[in-house]
Amino acid sequence: MSPQLALVIHTEEEFDWNGGFHPKNVAATHAPILAGWVKKLAEEGFPVTLALDYPFTASEDGKMALAALSHLPSSLLEIATHLHPWVSPPLRSEDAVCEADTYPGNLPYDEEKAKLAELTTLISDITGQVPTTYLAGRYGIGENSHRILSELGYNTDLSVSPYCDFRHQSGPDFSGYCARSFFDERYGIASHPHTVGLVSWLAPLATWLNANPERYHQFSNELAGKVMLKLAGVKRWRLSPEGFSLKQMQKLTLQLLASGQQTFILSFHSPSVVPGFTPYVQTEQDLTRFKSETEAYLRWFRDTLKGSCRVAGALEPDTYLAPKPLPMSGAEV
Ligand SMILES: [Zn+2]
């Protein structure tokens, strides 16, 4: 099997990343620019998975952008779902939402399901396509999420963010997860984690840690372990042009390939296509680098690694590990 890659765009409204979570943030003025770039990528043969959230899909800008992409075949454009609970109806109130409730998996079963059902209906109505791939807002899956996904007709989940522990902000704990895919047999959900991995100048150590995420977590929590990780220059990187260079994305990919990883998710947030909308792209120069390095990475993956670029829902299941149980709900409130 050759390595396979899905480009997944968290397609969402613009908001101040340090300004809390308020239902009034619903603008998606970047949508036409995003559509232009997605079209260009598709013309080069690179498939894109747009994980759409409620404000983006409901906005006039979002609707026009989606209409402009509607001619693309499903092999080049997948319409998926991205749930930001604080802007996705039914809303409890018009006030800002506390941090614990920004993770869909922390909500009561009925509320998480109602929001996802309403979002699924909106996306189906606007695009004419019924989504079967899901990405939780803030990677926030919980103990009910896969059951709800199954009940609403989904079969693929992209929400795991390996090695990351968000419990300090009431989010899920993924510290026992590596980036390998797994299958939740209870509900028939294929889980392809976002690609996060460990790199080090001591490559065999990184290879071993990538295959044993629980040991990385253990070392990170012990003084001697922390010193060892620091001396070995172990770093946790995400496969994303947001905060990572082309060289870093390539190094991470090669390290994970050496660890046996075959499935990769390259991701970013849609507002990054306009300078100033996310912390990662502040200037025109940032944007030029962001786009050119994303495209260069895709070409490198396809042409140099001889990899296969697909939409997320078409990733092959060959690399599944044994199933891991949910939940990872970390709400300690
Ligand atoms: Zn999001």
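A salt bridge is defined here as a side-chain nitrogen of Lys or Arg within 4 Å of a carboxyl oxygen of Asp or Glu. The model is predicted, so local features need pLDDT of at least 70 and side-chain atom pairs count only at pLDDT 80 or more, while totals for chains, interfaces and linings use all residues. Residues are numbered from 1 along each chain as its sequence is written, and side-chain values use heavy atoms, with hydrogens and water left out.

**View 1. Salt-bridge network of K40, E44, E295 and R299.** Salt bridges link these four residues in a network. Across the whole structure, the search finds 16 salt bridges.

**View 2. Coordination of the zinc ion by E12, H82 and H84.** E12 (OE), H82 (NE2) and H84 (NE2) coordinate the ion at 2.1 to 2.2 Å; donors are N, O and S atoms within 2.8 Å of the metal (3.2 Å for Na, K and Ca), and water is not among the atoms, so sites may look incomplete. Along the chain, the donors follow the spacing E-x69-H-x1-H. Both H82 and H84 are buried (under 20% relative accessible area; exposed is over 50%, partly exposed in between; 1.4 Å probe, protein chains only).

**View 3. Salt bridge between D101 and R92.** The N to O distance is 3.0 Å. D101 is buried at 18% relative accessible area, whereas R92 is exposed at 56%.

**View 4. Salt bridge between E151 and R147 in helix 5.** The side chains meet at 3.0 Å, N to O. Both residues belong to helix 5 (residues 145-151) and lie four residues apart, about one turn of the helix; helices (H or I, at least four residues) are DSSP runs, numbered from the N terminus. E151 is partly exposed at 36%, as is R147 at 34%.

Notes
Helix = DSSP H or I, 4+ residues; strand = E, 2+ residues; numbered from the N terminus.
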